[in-house]
Amino acid sequence: MSDRLSRRTKLLYGVGDTGFSLTATIIGAYFLIFMTDVVGLAPGLAAAAIFIGRSWDYVNDPLFGHLSDRTRTRWGRRRPFLLFGALPFALAFAMLWWRPPWEGDLLLVAYYALAYVVFDAAATFIYMPYFALTPELTSDYDERTSLTTYRMLFSILGSLVAFIVPLTIIGTFHPGNAPRVWTMGLVFGGVSALPFLLVFFGTRERQLFAQQERPGLRQSLRAAMGNRPFVFGLLIFLLTWVTVEILQATLIYFIKYVVQREAQNDLVMATIFVTAVLALPIWEWASRRWSKRWAYAGGIAFWAVVQIVMITLGPATGLPFIILMCVLAGIGVSAAHVLPWSIIPDAIEWGEWQTGERHEGMFYSLVTLIRKAATSVAIPAVGLILQFTGYVPNAAQQPASALWGIRIVIGPIPAALLCAGILFALLYPLGREQYADVVQKLERRRAARLR
């Protein structure tokens, strides 16, 4: 199979991320406020439900990643998971948004924690093999960035839809709209499952990799931890996407209470994500012109500055300036979507050169595992900060301490995380030239085995 991919393959692979983007963005943006302002749980209890649900998922990722590495079918190693996991994924997502007819807080916390556990298991069953397809479809350094750009096009479009359309179904988050929230969950659960079938029918895996020996679990874990480019790429990804998830969970509070522009919520969200889509070619060009790590450093530094400036906004800030800040933030969001994801797959070939084995499933499982481990602490921490600073659900006017709590979570904390990501990017040990040398050596080794 050629390392150059057709536009059709890129589109059909990329569209798969729509399902993950829709569900992950809806959960990140609305699940906390759904539990506080619709279900009626205190922020601390809502945080506990999320923490329990996400912590259990630590087990899912390495197991499903390892399982996909060892799977051998006529459809390949990864694609069968997309076919058989779509329906459970849809149903599990919908159940997150049902408001049970119970009044006890502990029962509600238990229900939402369990619903989160089930959904994350169903999601992991699909997205782990999906992510692991990236390095299998092409080993070309720049083609992987292009493939990721197509995928992130659908990811950002999915996020845009997820920030806007659910609110047209729900209206506002208050207890009387619980049936509308349930309807939203059913609709988006079904819509999100369909792209996985397009990926199943529209892509093909390389038989070369399916013929390799099935790795053991400990063997795969040792290979990942001994892979220096992977460890650095993992940390870059982690710091970037924990920032994204914190901002997703906080942005609606910032719009509603700090700048008091809830009526313009759709406009604000649309501006950020439309800008992010339009900026995608910039980061693909920057990656080809320089390298992935330098493009990342520039784009993320720009975004960190924007987040710091955001804390100066308030009710008196004019809408044009708010929209300008959204445009600037969208440029940074675009870089965060493309570049960390395009850095990770290059470590697969480096590991194969060092060990003679490929562990795509395990590598990607550890990426999502470490992200979930961090966000299972970071997102509940947002709820705890809100509670500690005096946040009052659905209050017409929040206390000044709560407003500053929201500002801290929207500005200094994300900026600090992003700066740490830049540091690891500058130290990343696998550039374009080194990667090209590894690929050439691998090709000679494979050719020698076929003689």
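**Exercise 1.** Is Trp241 buried or exposed?

Solution. The structure is a predicted model. In this model Trp241 has a relative accessible area of 7%. Buried means under 20%, so Trp241 is buried.

**Exercise 2.** Classify the aromatic pair formed by Phe237 and Trp241.

Solution. A search of the whole structure finds 40 aromatic pairs. For Phe237 and Trp241, the ring centres are 6.2 Å apart and the planes meet at 25°. Planes under 30 degrees apart count as stacked, and the pair is stacked. Both residues belong to helix α11 (residues 228–258), and being four residues apart there they are separated by about one helical turn. Phe237 has 0% relative accessibility and counts as buried.

**Exercise 3.** Classify the pair formed by Trp285 and Trp290, and state the exposure of each residue.

Solution. The centre-to-centre distance is 5.3 Å and the angle between the planes is 75°. An angle over 60 counts as edge-to-face, and this is the class of Trp285 and Trp290. Trp285, at 51% relative accessibility, counts as exposed. Trp290, at 46%, counts as partly exposed.

**Exercise 4.** How many residues of helix α4 are buried?

Solution. Helix α4 covers residues 60–70, and eight of its 11 residues are buried. Among them are Pro62, Phe64 and His66.

**Exercise 5.** Describe the overall fold in terms of helices, strands and radius of gyration.

Solution. The protein has 19 helices and zero strands. Its radius of gyration is 22 Å, close to the 22 Å given by the globule rule for 451 residues, so the protein is as compact as a globular protein of that length. Buried residues make up 62% of the 451 residues.

Conventions: Residues are numbered from 1 along each chain as its sequence is written. This is a predicted model: local features need pLDDT of at least 70, side-chain atom pairs count only at pLDDT 80 or more; totals for chains, interfaces and linings use all residues. Side-chain values use heavy atoms; hydrogens and water are left out. Helices (H or I, at least four residues) and strands (E, at least two) are DSSP runs, numbered from the N terminus. The radius of gyration is taken over C-alpha atoms; the globule rule is 2.2 Å times the number of residues to the power 0.38. Buried means under 20% relative accessible area, exposed over 50%, partly exposed in between (1.4 Å probe, protein chains only). Rings of Phe, Tyr and Trp (its six-membered ring) pair if their centres lie within 6.5 Å; planes under 30 degrees apart count as stacked, over 60 as edge-to-face and the rest as tilted.
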